[in-house]
Amino acid sequence: MSESKYNQFENAQTQFDKAAEILGLDDGMKELLREPMRITQVRIPVKMDDGSTKVFTGFRSRHNDARGPAKGGLRFHHEETIDDVKALSMWMTWKCAVLNIPLGGGKGGIVCDPTILSKGEQERLCRGFIRQIYNQIGPNIDVPAPDYGTNAQHMLWMLDEYETISGGKYPGTITAKPVGMGGSLGRTEATGYGVIWTLAEALKIKGIDITKTTASIQGSGNVAEYTAKKYVELGGKVTAISCWHNEDKKVYTFINKNGIDISKLMSVKNSFGSIDKAEGIKLGYEVFEGDSKCTKWLEQEVDVLMPCALQNQITPDNFPLIKDSVKFIAEGANGPVTPDCDELIKNKGIFMLPDFLCNAAGVTCSYYEQVQCNMNYFWTKEEVLEKLEKAMKDAFKAVYEVAKEKNLYMRDAAYVIAINRVAEAVKLRGWV
């Protein structure tokens with residue numbers, strides 16, 4: 001993250017400013033919505049396995065809660081910054097608003113490398129973080145969830161610490177917990193499936209048969225895996241998957257022009273979602289390797305590019321590498337395309353599916369989990385996915401109609417809908 005010349009929060013503000021101008025927001029509203037309403041930085045002492053004590057830095061940002069309790073993930077990353085967290089909390093506000101769910105935007109992060117921490121050290125870190133922010137979270141205040149580097153086990157440790165301190169059972173405090181411990185069925189697949197439901201609607205309005213399309217995907221984590229699986233299930237062909245290997249510190253791109261067997265390739269991932277190069281070669285894939293700026297996935301002759309890893313992956317510097325065959329970009333990750341690249345995408349005629357619409361099924365399913373926890377009644381997987389698919393398709397259609405009616409870029413149209421909903425809630429509350 002820190003190697004990039006782009007600042008995530010400045011990117012988020014640039015995108016907001018453009019939409020605010022379209023909407024004609026007054027200065028007071030712009031000033032309120034451009035910044036988080038609350039930012040917390042904490043220090044977390046953790047007893048390490050060797051007997052020493054290491055102190056970690058953690059962040060939590062609550063961007064806006066005019067429409068409901070804040071909602072947002074918690075990242076473990078060795079290069080996490082407060083600006084990353086602020087940006088992601090801002091995007092979460094718009095994400096919840098564009099799906100029209102009654103939540104606001106929050107986000108958190110701890111500066112650490114979970115790949116070098118033992119299970120016990122990770123647990124003590126999770127519990128220590130909750131002790132520091134206990135009075136700032138809760139089912140009616142701010143609801144954390146997993147993000148990059150965290151998982152369902154981390155969430156359960158955090159919930160257990162919260163409930164230990166509170167002396168009660170509050171499963172709606174944290175989402176994406178293990179199924180059977182308050183987690184929702186369908187949550188694992190949610191974000192990736194949502195990316196493809198959105199893409200499928202876009203292909204439909206353009207009169208393109210998904211079974212005749214090919215795609216290149218960046219990432220091999222949960223979002224990328226289920227994005228790829230749903231895409232292939234609907235008849236698409238994935239010809240390239242690129243991922244960062246946490247141990248080798250390299251990017252590997254696995255290519256098969258005849259189509260990748262997603263289940264087999266994902267079966268050789270390690271616990272942190274990295275695909276083993278040697279195993280990929282054994283499976284018959286052509287493998288390219290490079291540093292963190294490797295763009296092999298971007299250079300493929302495909303119809304669809306799906307960045308499903310980290311931010312700032314498509315920039316004006318590497319945009320010329322994108323082939324003329326590419327007609328769609330589906331942002332499975334948060335902020336994978338920099339703002340200064342949007343005009344290039346628009347001019348090239350590529351249909352953009354913006355992140356806070358395209359990947360919003362994750363937070364929507366987290367909302368469903370929260371609802372189920374609060375009423376202590378859980379839905380079947382089929383019920384969850386049915387509700388989720390309808391919500392994603394409805395949101396896409398609403399954004400597309402605004403884009404068509406006002407002749408707007410899809411990202412701008414999504415912002416117009418989301419910001420307008422949040423601004424209206426702010427006005428009704430009398431904040432501005």
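The expected span of a helix is 1.5 Å times one less than its number of residues; helices (H or I, at least four residues) and strands (E, at least two) are DSSP runs numbered from the N terminus. The model is predicted: local features need pLDDT of at least 70, side-chain atom pairs count only at pLDDT 80 or more, and totals for chains, interfaces and linings use all residues. Residues are numbered from 1 along each chain as its sequence is written, and side-chain values use heavy atoms, with hydrogens and water left out.

Helix 4 (residues 119-133) has 15 residues, so at 1.5 Å a residue a span of 21 Å is expected; the end C-alpha atoms are 22 Å apart, in agreement. Buried residues (under 20% relative accessible area, with exposed over 50% and partly exposed in between; 1.4 Å probe, protein chains only) in helix 4 include Leu 125, Cys 126, Phe 129, Ile 130 and Ile 133, as well as the charged Glu 121 and Arg 127. Their cover includes strand 1 (38-47), strand 2 (53-64), strand 3 (70-77), strand 4 (104-111) and helix 5.

Helix 5 (residues 152-166) holds Glu 163, which is buried at a relative accessible area of 11%. Beyond four places in sequence, Glu 163 is in contact (heavy atoms within 4.5 Å) with Gly 168, Lys 169, Tyr 170 and Pro 171.

Disulfides (pairs of cysteine sulfur atoms within 2.5 Å) number zero. The sulfur of Cys 112 lies 8.4 Å from that of Cys 126, the closest cysteine sulfur, which is too far for a bond; Cys 112 is buried at 4% relative accessibility. For Cys 294, the closest cysteine sulfur is in Cys 243 at 10 Å, also too far, and Cys 294 is buried at 15%.
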